[in-house]
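User: Hey, can you walk me through this model? I'd like to start with the sheet and then look around the ligand.

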Amino acid sequence: MTVLVRLLYASKVSPNFGPMDMRDILESSRRNNVEQGITGLLIMADGHFFQALEGDRKVVNSTYIKILKDVRHSASIILSSQEVDKRQFSGWSMGYVLSTEKNRPLFLSYSAGKYFDPLAMRSAAAESLLAEIDGYARQLGGTESATDTVI
Ligand SMILES: Cc1cc2nc3c(=O)[nH]c(=O)nc-3n(C[C@H](O)[C@H](O)[C@H](O)COP(=O)(O)O)c2cc1C
């Protein structure tokens, strides 16, 4: 039986991380996630990743375990993991959101200090940040492309 879940985690971007690393992550995410029925969203802002992975529970777990071993980030923390009735990001094998001038206030509204710090975020806040990004992206019609920046 398939149990649909959404897992949210945050981590720290490794010091020597570069643009090619991002390209590589998005490429392999698109390839593997389509194959595995995983959808989601990846945010990179202020030296942090924040990612939502949704799909079958077993597959989401094994994907997260694989991602944990990736040296391009560290200090990963699960912010929330829950069963869901339907996917929030059904159109995206891995939507990508980069911090920009425009969306910065949104990220900062979920952080206590001057920087986006998802490692310190409570589950409820993480869930509502995700919902806001989803709303934003839908307004912009950004759900078409699997790996493009969406807001
Ligand atoms: C922050 C972060 C997010 C990632 N997200 C995914 C993902 O959603 N799906 C995936 O397959 N790999 C993801 N990766 C990459 C994996 O760690 C791994 O490098 C990749 O899956 C290997 O793919 P391959 O075995 O097809 O070469 C992510 C890596 C990082 C650092």
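Analyst: Here is a quick tour, beginning with how to read the model.
Analyst: This is a predicted model, where local features need pLDDT of at least 70, side-chain atom pairs count only at pLDDT 80 or more, and totals for chains, interfaces and linings use all residues. Residues are numbered from 1 along each chain as its sequence is written.

User: OK, in what order do the strands of the open sheet come?
Analyst: Five strands make an open sheet, ordered β4-β1-β3-β2-β5, with mixed pairing. Strands (E, at least two residues) and helices (H or I, at least four) are DSSP runs numbered from the N terminus, and two strands pair if DSSP finds at least two bridges between them.

User: Which strands stand at the edges?
Analyst: β4 and β5 (95-98) do; each has a single partner strand, so one side of each has no neighbour in the sheet. On average, neighbouring strands here are turned by 15° against each other, direction ignored; axes are lines fitted to C-alpha atoms, for helices over the stretch in contact, and angles run from 0 to 180 degrees between N-to-C directions.

User: How many bridges join β1 to β3?
Analyst: Nine, between β1 (residues 4-13) and β3 (residues 48-56), running antiparallel. Ala10 stands opposite Phe50 there. β1 is also antiparallel to β4 (residues 73-83), through eight bridges. Lys12 has bridge partners in both: His48 in β3 and Ser74 in β4.

User: Switching to the ligand: how many residues surround it?
Analyst: 15, and the closest are Ser28, Ser29, Asn32, Asp70 and Arg72. The elements giving two or more residues to that shell are α1 (19-36), β3 and α2 (57-68). α1 gives the most, five residues. A residue is near the ligand if its C-beta atom, placed from the backbone, lies within 6 Å of it.

User: And what's the shell made of, by class?
Analyst: Five nonpolar, seven polar and three charged residues. Ala, Val, Leu, Ile, Met, Phe, Trp, Tyr, Cys and Pro count as nonpolar, Asp, Glu, Lys and Arg as charged, and the others, Gly among them, as polar.

User: Last thing, the backbone. What is phi of Asp46 near?
Analyst: Near 50°, a positive value in a residue other than glycine. Asp46 lies in the loop between β2 (39-45) and β3. Ala75, in strand β4, also isn't a glycine and has a positive phi of about 55°.

User: Is Ala75 buried or exposed?
Analyst: Exposed, because it has 9 C-beta neighbours inside 10 Å. Asp46 has 16 other C-beta atoms within 10 Å, so it is partly exposed. The cut-offs, with C-beta atoms placed from the backbone, are 20 or more others within 10 Å for buried, 12 or fewer for exposed, and partly exposed in between.
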